[in-house]
Amino acid sequence: MSVSLDAERCVINETTQIPTWSEFGSDVRKIVVGTSPSGRSRDDSKLLTLTALPDDLATRFPQLTHLYLWQISQLQQLPELPPGMVCLDVRNCPDLEELANLPAGLETLVIENCPHFVTQPDYPDRFEHLTDLSVAGSAFKGEQVDQLLACCPNLTRFDASNCLALDHVSEWPAKLDRIDLNNCTKLDALPPQWPMRLRRLGLRGCSRLSRIADFPDTIDYVDLAYAENLTELPDRRQSPRTLFLFQSGILMPPSSEHGGSKDDNVARRTQSYFEDVESFGPGNVRRCKLLILGNGSAGKTCLAGSLVTDKPQQHEPDSTHGIQFWDWQFTTKISGMMQPIHLHLWDFGGQEIYHNTHRLFMSKGAVFVLVWNPHQDDKIAPLSASEYQDEWRPLRYWIDTIYAACPHKPRIAILCSHQTEKNGELCARLRKQIGDEYYEQHPRFFHDSADNVGEKDDLVKWLKQEVGDVVRTQGTAVPVHWEIAQDMVESWLPKTESGSHDLIKPEYNRLRPVEFGKLLYDRIIAVTTEDREEKYAQLKKAIDDGQFELTDDRITRTLEFLTHSGWAYWNQNLFEGQVIIGQNWALNAIYAVLDRREDSNIYRQLCKSHGQFTRQDLTDWIWRDDYDRIEQELLISFMESVGVIFRLVTKDESYWHEPVYKSFEHLPKSDTLQFRRKFDPLPDDQKHVIPIESDKLHKGDWQALLKNMGESYGTDAQYAIDGFFLRNSKDQHTYWIKAELEENILGGKLVVQVAGPEATERCESVAEHVRSFLPDRRGDRTRGERGRTSVAGEPPGHTQVFFTYAWDAQDGTIPAGYEKPVDALYQALLAEPTIEPLRDKYHMFSGDSITLFMDRIKKADKVLVIHSDKYWKSWFCMHEFSTAVERREEFADFLILISHINSDVDVATRCQEYVSFWAGSSGFPTMLEDVTTEDKLKAAILHALKNQMPAILGTLDIGRKWDDASAEEVIAWVKHRLGLPKSGE
């Protein structure tokens with residue numbers, strides 16, 4: 001039990017018992033009972049049992065102004081509260097059902113994550129002083145919210161996130177400047193107008209919401225990620241500086257513009273998209289991918305041929321190796337009109353060795369047909385010609401794999417092959433195998449491709465409907481040069497009705513973006529010149545007037561659109577950012593490495609090396625003279641992106657002067673590497689074990705963790721297909737993470753084991769890192785808030801403050817004075833129960849990745865910049881700073897700047913000196929190669945200094961300078977910026 005008592009404050013934290021209330025005097029003004037909630041979810045291990053507060057609370061503590069009740073069980077109601085209360089904060093109290101009369105003078109009211117709170121208190125006629133209100137995670141319905149909001153004329157911030165019963169809001173208080181309704185999954189109706197002062201709006205995960213009102217001029221932050229039923233932005237969309245659209249249903253801009261992750265800010269690119277459409281004219285897209293998946297020899301290739309040719313097919317005698325592509329063109333209804341569609345069929349090899357490559361293409365938005373051969377159930381696959389023993393997986397494995405790879409609900413049809421008509425016994429078996437939920441969600445068809453008999457027509461009807469919907473959701477209009485680019489790439493792909501590995505001319509297999517841009521510009525000029533129907537008249541006029549330029553940004557977004565829609569593959573982080581047009585060319589090279597047939601020794605060589613190799617190894621073992629060195633490096637980058645390999649050592653760190661990689665599918669088992677024999681003899685009194693179970697765990701999640709460990713520990717660790725082992729001589733600890741995955745469905749367990757000094761603490765730290773890779777943890781934040789959405793009475797330990805500052809990393813010494821303000825500020829904030837300071841030297845262990853730690857700046861609530869002349873000239877510091885300001889939120893919301901040691905960045909001439917410094921800089925650190933490139937980072941730094949610094953200087957008080965004499969004043973100022981009360985409040 002921890003109790004602190006002074007003349008004005010009582011704090012009770014992390015306790016399992018309640019003190020005698022008579023111990024505390026009548027002058028107490030603040031009470032905190034319970035353990036700090038670290039997020040939305042309740043931590044049952046920290047629940048404090050408290051059946052009731054004193055009935056005479058109001059008379060016992062007449063001076064009480066702040067009451068915090070956190071993670072308390074069995075507390076069903078609160079007594080009458082003192083009339084002078086200004087803050088009531090109740091969070092994660094699972095048994096709370098009702099409150100007594102609330103004081104009319106409240107300024108902050110939080111009733112958060114109290115699922116049984118259903119009885120409304122008797123509200124005063126008006127909460128005149130209430131400005132912050134949160135009912136997040138409660139059982140409030142629309143009528144209750146309406147009644148509460150009607151009492152709050154001066155409310156400025158409102159949070160009803162995760163209110164799963166909230167279906168509507170009728171009217172907003174006029175002074176609201178922030179509204180958070182994230183993950184209100186039943187919400188389908190909002191008022192016809194937003195408050196005129198609204199600045200921030202959170203509707204993430206509001207999956208039923210289909211329409212929103214025009215935004216006011218003040219809007220600056222909008223989160224519509226996962227608003228799946230919202231198909232259009234309002235007519236008056238304004239120009240918010242922060243916009244999230246990931247996995248929303250917005251059609252304009254199309255999904256390729258919605259970002260690659262839930263935290264991608266697409267405000268600038270959305271604005272550019274609308275400007276391009278309006279300036280140069282709209283184009284149309286009519287293309288979709290069909291991914292055909294299933295076990296080897298299930299009938300996938302026969303189905304593809306039957307669909308495309310409408311003819312009987314011979315069942316394949318052996319499994320397809322690698323991938324085959326088919327082209328199918330038909331017409332279907334899109335937005336009420338019959339339009340031609342180009343469907344690209346991807347027939348994936350079903351052997352397990354190929355499964356890793358599937359996931360990359362699943363996540364890009366496609367239609368799936370899952371081929372099930374019921375004769376394979378519970379059977380062992382025959383040996384292949386190379387005596388490779390494949391494994392036939394149950395259908396549930398394939399559905400789980402698709403769901404694990406898709407961040408959205410996938411469109412899946414199940415086709416029972418080798419059957420001519422529906423069969424009751426097979427339907428019952430299918431339902432039992434995949435479960436009632438999957439069975440009802442996904443249609444089933446029966447078809448025998450050998451005789452071209454069965455329910456293929458019904459399948460085609462379903463495909464046309466789903467494909468039409470996918471094409472519609474790709475966007476009702478795109479910039480016209482995207483359509484021209486699509487037509488150009490299509491012209492490079494010869495039409496075929498049979499699966500082929502050789503669809504493209506070699507000169508188009510790979511292109512540099514600048515080469516692609518030149519070809520596209522030439523095509524644009526040719527098309528607009530020969531445009532007799534004046535389809536491209538608007539674009540031609542813009543070209544003639546000098547208004548159209550194919551900039552790097554337009555080329556980038558065109559390539560992202562082509563990648564998203566399946567025409568090409570481009571990832572700017574691949575080797576020199578090259579574009580892969582001939583995806584079959586690249587995949588064939590990968591499958592040659594994965595191949596286990598007898599005509600190649602690659603499998604034997606990779607198994608012998610425990611999956612470890614360099615580029616030269618692959619040249620010697622398989623590629624030889626088939627690819628030049630640039631192609632080989634590009635292909636290895638593609639393999640890394642696809643997810644079949646991970647890197648251990650960079651070129652600069654490598655003894656072989658080349659990067660070193662591991663292949664997931666060629667890793668040995670833990671038993672082969674004798675992990676247990678190495679770990680078991682260690683002293684039992686210095687061991688700690690934490691099992692972590694997840695019913696959503698997938699092999700891909702485990703491999704993502706292995707990849708992360710490989711980047712962090714390289715060849716110092718050992719990697720198994722079911723384990724990770726590290727004996728760290730620097731910190732005298734031994735780590736063993738054991739993977740126990742379910743064989744054919746999602747689910748399993750990761751066992752974290754640590755031996756050495758303070759093993760318990762270290763094991764808990766490692767376990768927390770492991771949990772961050774679990775789908776359960778990702779899912780908690782996928783459809784919920786971005787960072788923190790609660791704005792009323794922040795809980796302790798939840799406001800994260802990221803420290804970014806300069807020190808000399810070259811020789812390990814720290815110049816005198818550089819860390820003095822950092823130490824002082826860190827210690828001051830560490831003592832605050834509502835603050836979690838993040839500082840590298842205290843939040844990293846030996847061997848941890850510095851780049852992964854730096855990435856935490858994206859999610860921190862506040863960023864504290866202690867800047868100096870050294871800071872503005874450091875690659876690492878400027879990577880952190882440019883990453884922070886790229887968040888594009890209001891800088892005043894999260895940036896806190898303190899000047900230190902010769903830093904006068906607020907002086908325009910000095911800022912220009914830093915711009916000049918970076919324009920001519922060199923010496924990019926190898927350690928940053930994992931997260932960016934020299935060109936990208938320099939561009940981000942220059943953008944931050946030249947374009948964003950004026951706004952920072954204009955909105956922030958950056959005149960605070962550190963010196964010993966003003967230390968207390970600066971610390972007090974920082975605390976004020978963090979919203980902490982002044983001493984004595």
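**Exercise 1.** Determine the sign of phi for G714, the residue that follows α20.

*Solution.* In this predicted model, where local features need pLDDT of at least 70, side-chain atom pairs count only at pLDDT 80 or more, and totals for chains, interfaces and linings use all residues, G714 comes after α20 and has a positive phi, near 55 degrees. Residues are numbered from 1 along each chain as its sequence is written, and side-chain values use heavy atoms, with hydrogens and water left out. Helix α20 itself covers residues 699-713 (helices are DSSP runs of H or I with at least four residues, strands runs of E with at least two, numbered from the N terminus). Its 15 residues reach 21 Å from first C-alpha to last, close to the 21 Å expected at 1.5 Å a residue, the expected span being 1.5 Å times one less than the number of residues. Its buried residues (under 20% relative accessible area, 1.4 Å probe, protein chains only) include W702, L705, L706 and Y713.

**Exercise 2.** Establish the strand order of the open sheet that contains β27, β28 and β29.

*Solution.* The order is β27-β29-β28 with antiparallel pairing, where two strands pair if DSSP finds at least two bridges between them. The edge strands, each pairing on one side only, are β27 (612-613) and β28 (645-649). Two bridges join β27 to β29 (residues 660-663), and Q612 has K662 in β29 as its bridge partner. Helix α17 (residues 629-642) packs on the sheet, touching β28 and β29, contact meaning heavy atoms within 4.5 Å.

Definitions and conventions: Axes are lines fitted to C-alpha atoms, for helices over the stretch in contact, and angles run from 0 to 180 degrees between N-to-C directions. Buried means under 20% relative accessible area, exposed over 50%, partly exposed in between (1.4 Å probe, protein chains only).
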